[in-house]
Amino acid sequence: MSRHLPSPLLRPSRLALLLAVAYPCLGWADEALTLDPVVVTGSRVETRSFDLPAAIEVVDAERIGVGQARVNASEALAAVPGISVANRQNYAQDLQISSRGFGARSAFGVRGVRLVADGIPASMPDGQGQAATFNLDRAERMEVMRGPMSAVYGNSAGGVIQLFTRDGKGRPSVEGGFSAGSYGSWKTDIAADGSAGGVGYVLDASRFATEGYRDHSRAERDQLMAKLSFAPSDDGKLTFVASSFRQEAQDPLGLSWASYLRDPRSVDPAALQFNTRKSIDQQQGGLNYVHRFGDQRVEVSAYAGKRAVTQYQSIPVGVQGNARHSGGVIDFDRDYMGVNARWIGRFAVAGGALTTTLGMDYEESEDDRRGYENFIGSTLGVKGRLRRAETDKVSSFDQYAQAEWASGNWVVNGGLRHSRVAFKVDDRYISGVNGDDSGSRNYEKTTPSVGVLYRLTPVVNLYASAARGFETPTLNELFYSGSGGAFNFGLDAATSTHYEAGLKAWVGNDSRLDVALFEIRTDKELVVDTALGGRTSYKNAGQTTRQGVEVALDSRWAHNLSSRLAYTYLDARYDEAFATRIYNPATSSVQSVTVAPGRRLPGVAAHSLFGELVWRHPGSGFHAAVEGVARSEVFVEDSNTLQSAPGYVAANLRAGVEKRMGPLRMNGFVRVDNLFDRQYVGSVIVGDTNGRFYEGAPGRNWLAGVSARYSF
């Protein structure tokens, strides 16, 4: 066995000394800044982000909304270190989000990262989620946490992204906006919020449409959202949230390297032959009640939803006659629900303040899943014969306890979570060689976490934390085995051990610096076993090691300038050899390869950098900014032998103005992305079964918008 040994610099015992030597001037600040938002992610109680022993960032409403279309979470999350968010330019497959490498192998949707919106999970119990349903128009903030404390959120929580929409309060207001840009893209939004009769309300409706950067990538999206809040007593608050999401999107698929070089906007011929596309229709609602009893609090939430998906895929030539093929049309109706409850108490213990949390989460999803041939005779891209019918049920039941004790210069945080995730498949399509694939598999794990923070000076905090985590296969990863079409109930959950050490400091009076060093060791990593014939099967490999550093620096300068710098270094490698089968487009054949120790995990860039400089005119409301984004190369499959996606550097510009005239507030903006018209691969499809790994990013493109808000 070979292991990629950690650098001595990553040992937490040496971090405090190194940072104290490197940043002696940090203790000279006169006072703290307001760059210290309150967060609830991690500790589940309101805590200053500066005092939490974890890497956590808050993306506020200004960064989410100013100069942005508010369509994709990637617009706002690009400035967060440790998180990689790639816009595939393909609305049929959602964004590609990974946290310290977790989730990078997802070919569609989000996995390995926990998504939550207003307390309702956007991730299902198996770990698969969709960020497209986030309502960015009414977002108040997003909290993004990486590292050990993510483990307190259970399965597939390599990171946690929580979105919080604003509460309705104050005078009634109405707001409308419109934006348009390159590739026939436009969006309109209308909203109302305020308080009337003791009820706070937020109502929002939007429509987005685009012809798409690539051929065959047209999309339309409608979103509705309602949020009502009411205080039945001085100590209680009841909140109701409901939303609707509908989307129709064409799927241009990925491109081979030769096709990408020839024309990054092109589409694979199979996408046109089979008219690949996807439709989504989702509705959900939830209730949350909070009641305070002095220094204690009880929270109870419940939610339920329905999601219908129909997706037309392409299938390789020759597969049509395969008796075990489940067809190229995915059609399922999902019902999901969940309940959670927690008790939070504050006490004076041993000369310090103790905050304790006890809670439970239950989540359930059930899919009525069908598969059809995507052809009838010689006509392709139509729903044909039934080839798959089953009920897939996933449930999770978790119990957890957390505690935080603060005294003097010390803060100690610990948690323990027990998770049980159950998969059950009832196969209703049993015909000929297609046997009964019914079965079940349960996964159970207890994951501890601990963190310690020390206030070195009033403006410098040092911390260290550690945790155990786990990641079950998703339903999509269980669908096929390498030997045939049967469910792969033999897959185990991957387990991981996380270590993190860091510094949080005020530099002078006008800057905040966050530095996090981390190491993650994973056993039974889920990797591609075989990728061919339109199917990908998975297996458990040996060990992997992820090491890295994340740096975020926010500064305010003279002459109304401000800046942000976010850098990530991630060295993610396999420690043990394993065999895999991949499609090689150069030979148009499937080949068996051995992944040697030391190979990098695909879909993960070693270096990522975001920089921004903003100027605001104090009197006129005018503001302008320049952004820079850089990323190193990204491998597309485990062996690292096929063409990687090269690194790139891109620049963006934006400008806007805000005017207030009594009760009326008006905004306008314009932005230009990829200012120097660079051609680069924006995202990759890891281990694609047809060698179509590459998804091109747009060249120079523009967006402009206006909005108006009137308060009565």
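Gly415 lies in strand β24, which spans residues 410–427. The model described here is predicted. This briefing addresses two strand residues, two loop residues with positive phi, and the aromatic and charge–ring arrangements.

**Strand residues**

- Gly415 has a relative accessible area of 12% and is therefore buried, the cut-off for this class being under 20%.
- Setting aside residues up to four places away in sequence, Gly415 touches Ala401, Gln402, Thr447, Pro448 and Ser449.
- The C-alpha atoms of Gly415 and Ala625 are 41 Å apart, with their positions 210 residues apart along the chain.
- Leu613 belongs to strand β35, residues 607–616, and is partly exposed at 38% relative accessibility.
- Beyond its neighbours within four places in sequence, Leu613 is in contact with Leu561, Ser562, Ser563, Ala624, Ala625 and Val626.
- Leu613 and Leu653 are 40 residues apart along the chain, and their C-alpha atoms are separated by 10.0 Å.

**Positive phi in loops**

- Most residues other than glycine have a negative phi.
- Arg44 has a positive phi, near 70 degrees, and is found in the loop between β1 (38–39) and β2 (47–48).
- With 9% relative accessibility, Arg44 counts as buried.
- His216 also has a positive phi, near 55 degrees, and its place is the loop between β14 (199–210) and β15 (219–233).
- His216 is likewise classed as buried, at 13% relative accessibility.

**Aromatic pairs**

- The structure contains 18 aromatic pairs.
- In one of them, the ring centres of Trp343 and Phe347 are 6.2 Å apart and the planes meet at 40 degrees, so this pair is tilted.
- Both partners are partly exposed: Trp343 has a relative accessible area of 25%, and Phe347 has one of 36%.
- The rings of Trp410 and Tyr454 also form a tilted pair, because their planes are at 45 degrees, with the centres 4.7 Å apart.
- This second pair links distant parts of the chain, as Trp410 is in strand β24 and Tyr454 in strand β25 (residues 439–457), 44 residues apart.
- Trp410 is partly exposed at 43% relative accessible area, and Tyr454 is partly exposed at 28%.
- Trp257, Tyr260, Phe693 and Tyr694 are joined into a cluster by ring pairs.

**Charges over rings**

- Arg141 lies over the face of Phe164, 4.0 Å from the ring centre.
- Arg388 places its charged end over the ring of Phe479, at 4.4 Å from the centre.

Conventions: Residues numbered from 1 in each chain as written. Predicted model: local features only at pLDDT ≥ 70, side-chain atom pairs only at ≥ 80, totals over all residues. Heavy atoms only, no water. Helix = DSSP H or I, 4+ residues; strand = E, 2+ residues; numbered from the N terminus. Buried < 20%, exposed > 50% of the residue type's maximum accessible area, 1.4 Å probe, protein only. Contact = heavy atoms within 4.5 Å. Phe/Tyr/Trp six-rings, centres within 6.5 Å; stacked < 30°, edge-to-face > 60°. Lys NZ or Arg CZ within 6 Å of the ring centre and 35° of its normal.
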